[in-house]
Amino acid sequence: MNIKDSVKYSLYSEQLMQLVAKKSSGKTKGPQVQVDRQKDTLSISKQAVEASHNNGPTIRSQMNGVQFEIYNLYMDRQLLNNQIAEALNENGIFLSNRENLTLHVDGNNRIAVEGIADEQKRAQIEAVLNDSDKRFGARLLSHAELIGEQNGTPLDKEAYEKWHVNEFLKTTAGLSLSDVSLNEEGELIGGNERLDRVIEAAADPKSDLEKSFQNMLKKLKNVLKKGPDTIADRSASFGYSSGTLIDLNVSKGFSTGQLNQWLDDPFLKDILLNNS
């Protein structure tokens, strides 16, 4: 999954959220709050692209496609670093330079923290990082995969599809993969009224999201047919120290101390180091 794919999914998810909110507005209170909380989990990449555009057309015009993608990743990293540090500080959590954490993200976007002896402080950090409004877990998963691609590790498409359809179920129907299955005819069972509305929209040629819903339901059925338990979950791990995420087990990293290790492009190296 590259930057363009992330942005495309971001825009698609926003459309999806608007449709769900419109359908549910007559039955629930505060629909706009729900929309804001449930916006797509990959909007970080969209923000990174916008941030790079705001840096000025001169820099962009001098970059080729590969350079621009790496630059976007770097800007994405800076945004994540800043927002994680701000979230911790706003909650009264401060880490010394000697505290080196490891953040593990699982396929449910849940972040677990290691490397800190104070259990109460560890629990506080996890609570902040797992704030659903911040979406740090899903954003870190996406970020890790994009970095993996820069290091020659292709995206695990089955794991991503499993995560994608699970997010789709949570977003549109408040369900998870464990809540649904296929009957002998290969049709979805175990859903709810909200999922029924999605299925109806997928079958309605007048629906703006007919094709999108059809594609997602097709992916969902594929995952259920294979068996979710037979498909690996997405996961990612990062070090975290002095307000900075640190890439683990890769040769090309984006934390400050790693940039010199892999940037053999003088032009790009100069841009990134000057933005450090």
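## Exercises on a predicted model

At 48% relative accessibility, Asp233 counts as partly exposed, a value that, like every other one below, comes from a predicted model.

**Exercise 1. Find the salt-bridge partner of Asp233, and work out where in the chain the two residues lie.**

Step 1. The side chain of Asp233 meets that of Lys162 in a salt bridge, with 2.7 Å from N to O.

Step 2. This pair links distant parts of the chain, since Asp233 sits in the loop between α10 (210–226) and β5 whereas Lys162 belongs to helix α8 (residues 157–173), and the two are 71 residues apart.

Step 3. For burial, the limits needed are under 20% for buried and over 50% for exposed, with partly exposed in between. Lys162, at 12% relative accessibility, therefore counts as buried, while Asp233, at 48%, counts as partly exposed.

**Exercise 2. Which residues are joined into one network by salt bridges that share partners, and where does the pair Glu126 and Arg122 lie?**

Step 1. The network, held together by shared partners, consists of Glu119, Arg122 and Glu126.

Step 2. Within it, Glu126 forms a salt bridge with Arg122, and their closest N and O atoms are 2.9 Å apart.

Step 3. Both Glu126 and Arg122 lie in helix α6, at a separation of 4 residues, or about one turn of the helix. An α-helix has 3.6 residues a turn, so residues three or four places apart point the same way.

Step 4. Glu126 has a relative accessibility of 13% and therefore counts as buried.

**Exercise 3. Decide how many salt bridges the structure holds, and examine the one between Lys121 and Glu99.**

Step 1. The structure holds 10 salt bridges.

Step 2. In the one chosen here, the side chains of Lys121 and Glu99 meet with 3.2 Å from N to O.

Step 3. Lys121 is in helix α6 and Glu99 in the loop between α5 (65–90) and β1 (101–105), so that this pair, 22 residues apart, links distant parts of the chain.

Step 4. Lys121 counts as buried at 17% relative accessibility, and Glu99 counts as buried at 18%.

**Exercise 4. Is Val128 buried or exposed, and which residues does Val128 touch beyond four places in sequence?**

Step 1. Val128 has its place in helix α6 (residues 119–129).

Step 2. With a relative accessible area of 9%, Val128 is buried.

Step 3. Leaving aside residues up to four places away in sequence, Val128 touches Ala87, Leu88, Asn91, Ile93 and Phe136.

Step 4. One of these partners, Ala87, is 41 residues from Val128 along the chain, yet their C-alpha atoms are separated by 6.8 Å.

**Exercise 5. What is the order of the strands in the open sheet, and which helices pack on it?**

Step 1. The open sheet has 4 strands in the order β2-β1-β5-β6, paired in antiparallel fashion.

Step 2. At the edges stand β2 (111–114) and β6, each of which has a single partner strand, so one side of each is left without a neighbour in the sheet.

Step 3. On average, and ignoring direction, neighbouring strands of this sheet are turned by 30° against each other.

Step 4. Helix α5 lies across β5 and β6, running at about 130° to β6, and helix α6 packs on the sheet by touching β1 and β2, its direction making about 150° with that of β2.

**Exercise 6. Describe how β5 and β6 are joined, and tell apart the two faces of β6.**

Step 1. Strand β5 (residues 236–241) runs antiparallel to β6, and 4 bridges join them; Gly239 stands opposite Ile246 in β6.

Step 2. The two strands form a hairpin with 2 residues between them, and Ser242 in the turn has a positive phi of about 50°.

Step 3. In β6 (residues 244–247), the covered face carries Leu245 and Asp247, and the uncovered face Thr244 and Ile246.

**Exercise 7. Which residues of helix α12 are buried, and which exposed residues does the face turned away from them carry?**

Step 1. In α12 (residues 266–274), the buried residues are Leu268, Ile271 and Leu272.

Step 2. Seen down the axis of α12, these buried residues fall within an arc of 95°, so they line one face of the helix.

Step 3. The face turned away from that buried side carries the exposed residues Pro266 and Asn274.

**Exercise 8. Establish over which stretches pLDDT is below 50.**

Step 1. The chain has a mean pLDDT of 81, and 77% of its residues reach 70 or more.

Step 2. Over residues 1–15 pLDDT stays under 50, and over residues 17–49 pLDDT is also below 50.

Step 3. Where pLDDT is low, the predicted coordinates should not be read in detail.

Terms used:
Residues numbered from 1 in each chain as written. Predicted model: local features only at pLDDT ≥ 70, side-chain atom pairs only at ≥ 80, totals over all residues. Heavy atoms only, no water. Buried < 20%, exposed > 50% of the residue type's maximum accessible area, 1.4 Å probe, protein only. Arc of directions from axis to C-beta. Pairing = 2+ DSSP bridges. Contact = heavy atoms within 4.5 Å. Salt bridge = Lys/Arg side-chain N within 4 Å of Asp/Glu carboxyl O. Axes fitted to C-alpha atoms, helices over the stretch in contact; angles between N-to-C directions. pLDDT = per-residue confidence, 0-100.
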